[in-house]
Amino acid sequence: MSTVTATTTATTPSGLSFVSDNMAGASPRIAGAVAEAAAGQVLPYGNDPFTERARGRLAEIFERDVDVFPVSTGSAANGLALAALTPPWGSVLAHQDSHIHHDECGAPEFFTGGAKLVRLPGLDSKIDPEALQAAVRRRAGDVHSVQPSVVSISQATESGSVHTVEEIRRLSSIAKDAGLRVHMDGARFANALVHLDASPAEMTWKAGVDVLSFGATKNGAMTADAIVSFDPALATELAFRAKRGGQLTSKMRFQTAQLDAYLTDDLWLDNARRANAMATRLGTGLKAIPGVGLLAAPQANILFCRLPQHVTDGLLAEGYAFYHDRWEPGIVRFVTAFSHQADDIDQLLDAVHRHSA
């Protein structure tokens, strides 16, 4: 197992932490909304005004009626969504770098009752369309093989790249032509959206997406993500799967109050713009330091670069937290969050420069 840094066992100052946007706290407005939801009594299981408002806001931003199922984790969102789209004898076609393959401990297989993840290649952690074209029809109808059932697209991807709307349309078109459904893992949905300057509708159902795992936790919420379905025919199954999977919370208002605040007055977009801007600032600065190799210009809030070992060791000794040597020797990952400030980035760049000298 790779090392992050010893200081991650305790509280790490935000200016030193670049492990993940999961390490950031919550936006004050979201924390305030949870406190407001704690007062008084309301009906349980989503029959409350907070949930009604959150559902209304999601319908507004997606420009249509949607079915919304709040969940506590992105893994639950992905697993339950895929289960509603895939029979146990089906297969989920996803990029070989995808989160559902690498980081969910078999949750998609568990929730689907045994459906198989089929890994596909492609540059920048995006599924290669030609590989997908072959995979969607591979052994279709053969009772001896799992049946291609759904394509899962990560937006943004695990390497920080962002699918264009046209790329999503192309992958969705290949899937739909073969009778497959399309799922989007949107753990960093807002970061991808502001990078493209697209609308939520354009990046999802208008491009062929059937079900979205809508992430908020990485971008300022506390414990709230959601499954957003654009297909009314899936509503009943998703509702029962959410209950059976332990995701129908009695005090749902504490989740939906977060989502309501998250979507109010563009907080979610402002948070994502800040996180993305900090990654861009970091990438620009790293490019100017001799001996540092940027693997790609950041499009969302994730940045991979190559650092000499003595630079990595120096940063860790100063208390900086980030993933290193998890992918290959010398490769490190920095993730910026909505809570990072320009001074945090500049101090990290100064530390890299000092240890590179």
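## Salt bridges, a sheet and packed helices: worked exercises

By the rule used here, a side-chain nitrogen of Lys or Arg within 4 Å of a carboxyl oxygen of Asp or Glu, the count comes to 17 salt bridges. We're working on a predicted model, where local features need pLDDT of at least 70 and side-chain atom pairs count only at pLDDT 80 or more, while totals for chains, interfaces and linings use all residues. Residues are numbered from 1 along each chain as its sequence is written, and side-chain values use heavy atoms, with hydrogens and water left out.

### Exercise 1: a salt bridge across the sequence

Work out which parts of the chain the salt bridge of Asp21 and Arg188 ties together.

Step 1. Start with the pair: the side chains of Asp21 and Arg188 meet at 2.8 Å, N to O.

Step 2. Place both residues. Asp21 sits in the segment before α1 (28-37) and Arg188 in the loop between β5 (181-186) and α8, so the salt bridge ties together parts that are 167 residues apart in sequence. Helices here are DSSP runs of H or I with at least four residues, strands are runs of E with at least two, and both are numbered from the N terminus.

Step 3. Check the surroundings: Asp21 and Arg188 are both buried, meaning under 20% relative accessible area, with exposed being over 50% and partly exposed in between (1.4 Å probe, protein chains only).

### Exercise 2: two more pairs

Say where the partners of the Arg181 and Arg273 salt bridges lie.

Step 1. Arg181 pairs with Asp231, and their closest N and O atoms are 2.4 Å apart. This one links distant parts of the chain too: Arg181 is in strand β5, Asp231 is in the loop between β7 (225-229) and α9 (235-244), and they're 50 residues apart.

Step 2. Look at accessibility. Arg181 counts as partly exposed at 24%, whereas Asp231 is buried at 19%.

Step 3. Now take Arg273, whose side chain meets that of Asp270 in a salt bridge at 3.2 Å, N to O. Both residues lie in helix α11, three residues apart, or about one turn of the helix. Arg273 is partly exposed at 43%, and Asp270 is partly exposed at 40%.

Step 4. Finish with the network: salt bridges with shared partners join Lys176, Arg181, Asp210 and Asp231.

### Exercise 3: reading the sheet

Lay out the strand order of the sheet and find its edges.

Step 1. Write down the order. Seven strands make an open sheet, β1-β7-β6-β5-β4-β2-β3, with mixed pairing; two strands pair if DSSP finds at least two bridges between them.

Step 2. Find the edges. β1 (67-71) and β3 each have a single partner strand, so one side of each is left without a neighbour in the sheet. From one strand to the next, the twist averages 25°.

Step 3. Zoom in on β2 (residues 90-95). Five bridges join β2 in parallel to β4 (residues 147-154), with Ser91 opposite Pro148. Another partner is β3 (residues 116-120), also parallel and also joined to β2 by five bridges; there Leu93 has Val118 as its bridge partner.

Step 4. Check the faces of β2. Gly90, Val92 and Ala94 point one way, Ser91, Leu93 and His95 point the other way, and all are buried.

Step 5. Contrast that with β6 (residues 211-214), which pairs with β7 in the antiparallel sense over four bridges. Here Ser213 is partnered by Ile227 in β7.

### Exercise 4: helix against helix

Describe how α8 packs on α11.

Step 1. Take the geometry: α8 (residues 189-196) and α11 (residues 267-287) pack at about 80°, their axes 8 Å apart. Axes are lines fitted to C-alpha atoms, for helices over the stretch in contact, and angles run from 0 to 180 degrees between N-to-C directions.

Step 2. Name the arrangement. α8 is roughly perpendicular to α11, since angles of 65 to 115 degrees get that label, under 35 is roughly parallel, over 145 roughly antiparallel and the rest oblique.

Step 3. List the residues that meet (heavy atoms within 4.5 Å). From α8 they are Phe189, Ala190, Asn191, Leu193, Val194 and His195; from α11 they are Trp268, Leu269, Ala272, Arg273, Ala275 and Asn276.
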